[in-house]
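Biologist: Please take a close look at a single part of this model and describe its surroundings in one connected answer.

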Amino acid sequence: MTGKAEAAGRTARTVRLRPQAAARVADPNEGGGIMLKLIASDMDGTMLDANECVPDGTYELILRLREEGVRFAATSGRRFDTLCELFEPIVDCMDFVASNGAQVIVEGELVDLEVFSHAAVKRLARVVDLFDTMHLALFDETRSYLLDDEARFEREVDKNLPNPVRVYAVPSPQVSILKASVYCDEDVMDMAYILSRELDDDFVFAPSGRKWIDVMQRGVSKATGVSQVLDAHGIRADEMMAFGDSMNDYEILRMAGTSVAMGNARYAIKQIADRVIGTNVDHSVQAELRKMLGERG
């Protein structure tokens with residue numbers, strides 16, 4: 001990838017590219033055609049399989065769509081470094097909205113990097129510490145800072161806690177925190193409500209997986225990241241199709257011209273999507289991409 005190793009550490013800047021011609025791809029339902037310029041897809045529970053791997057044939061589908069003038073953006077709660085590992089063979093040929101919108105990479109260039117306020121993270125840690133059922137994990141570009149013993153956390157979907165470091169206080173302001181997540185022993189919805197009541201001015205809280213809550217900075221989401229990708233390419237939101245399954249996909253599905261929920265998605269996500277397809281276990285996103293390219297079966 002051009003600048004792959006150093007991309008996450010660059011000074012954020014806006015990259016504006018030449019507008020792309022729209023591609024007419026097959027509509028999987030209607031058989032006619034819809035004009036698309038960008039496909040944005042969540043990863044865990046959506047594009048990745050049950051083993052959190054990229055299914056065979058996915059790289060080729062993304063490259064073929066690109067040849068037809070349709071760009072692909074991975075949108076995920078995962079950090080950019082872990083997404084690069086997943087898509088290493090084609091990392092130059094796609095865009096990334098990582099860490100729930102905190103890292104935005106277009107054409108190999110870092111266009112935005114949203115760092116958590118140190119004071120706000122300390123407030124978050126104080127509230128989490130009031131409840132013995134909640135455990136806080138903080139993430140910079142490469143490490144996972146665990147404010148409790150590692151055994152208290154259950155690894156799940158994008159919460160695989162790469163490079164864990166046990167800490168007993170919030171890291172210093174010199175550490176750039178890009179992502180925060182709260183693990184709950186039980187009552188995820190109750191804990192999300194409490195966090196929202198206590199810290200609504202600082203953060204938005206979205207249940208993720210079975211026992212985790214994603215902590216997102218106010219004004220930063222997958223949707224704000226995708227908006228920057230669209231702007232960089234000169235693409236409108238109604239020229240985008242988005243796939244998702246969890247509450248951190250809500251805003252991007254609402255903004256997309258065509259929104260698609262997974263069969264394994266949360267109920268609310270299915271309600272606001274234009275269509276509901278099969279599950280990630282059945283590689284349903286890949287099946288939709290093949291239909292767009294006019295393949296049968």
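**Aromatic pairs, strand 11 and its neighbours**

Modeller: This is a predicted model, and seven aromatic pairs are found in the structure. One of them joins F203 and F205, whose ring centres lie 6.0 Å apart with the planes at 65 degrees, so the pair counts as edge-to-face, the cut-off for that class being over 60 degrees. F203 has a relative accessible area of 2% and is therefore buried, and F205 is buried as well, with a relative accessible area of 10%. Ring pairs also bring in F116, which is linked with F203 and F205 into a cluster.

Residues 203-208 form strand 12, and S208 belongs to that strand. The relative accessibility of S208 is 5%, and because buried means under 20%, S208 counts as buried. When neighbours within four places in sequence are left aside, the contacts of S208 are E156, D158, K159, I213, D214 and R266.

One of these contacts of S208, D214, leads on to strand 11, since D214 in strand 13 is the bridge partner of S181. Strand 13 covers residues 212-217 and runs antiparallel to strand 11, the two being joined by four bridges. Strand 11 itself, which spans residues 179-184, is mostly covered, with six of its six residues buried. The side chains of strand 11 are divided between two directions: K179, S181 and Y183 point one way, whereas A180, V182 and C184 point the other way, and all of them are buried. S181, the bridge partner of D214, thus belongs with K179 and Y183 in the direction in which they point.

Strand 11 is also joined to strand 8, residues 134-139, by six bridges, and these two strands run antiparallel. Within this pairing, L138 stands opposite A180 of strand 11, and A180 is one of the residues that point the other way from K179, S181 and Y183.

K179 adds a contact of another kind to this part of the model, for K179 lies over the face of F139, at 5.0 Å from the ring centre. K179 is among the buried residues of strand 11, and F139 falls within the residue range 134-139 of strand 8, which is joined to strand 11 by bridges. A further placement of a charged residue over a ring is found at Y168, where R166 lies over the ring face at 4.0 Å from the ring centre.

Conventions: Residues are numbered from 1 along each chain as its sequence is written. This is a predicted model: local features need pLDDT of at least 70, side-chain atom pairs count only at pLDDT 80 or more; totals for chains, interfaces and linings use all residues. Side-chain values use heavy atoms; hydrogens and water are left out. Buried means under 20% relative accessible area, exposed over 50%, partly exposed in between (1.4 Å probe, protein chains only). Contact means heavy atoms within 4.5 Å. Rings of Phe, Tyr and Trp (its six-membered ring) pair if their centres lie within 6.5 Å; planes under 30 degrees apart count as stacked, over 60 as edge-to-face and the rest as tilted. A charge sits over a ring if NZ of Lys or CZ of Arg is within 6 Å of the ring centre and within 35 degrees of the ring normal. Two strands pair if DSSP finds at least two bridges between them.
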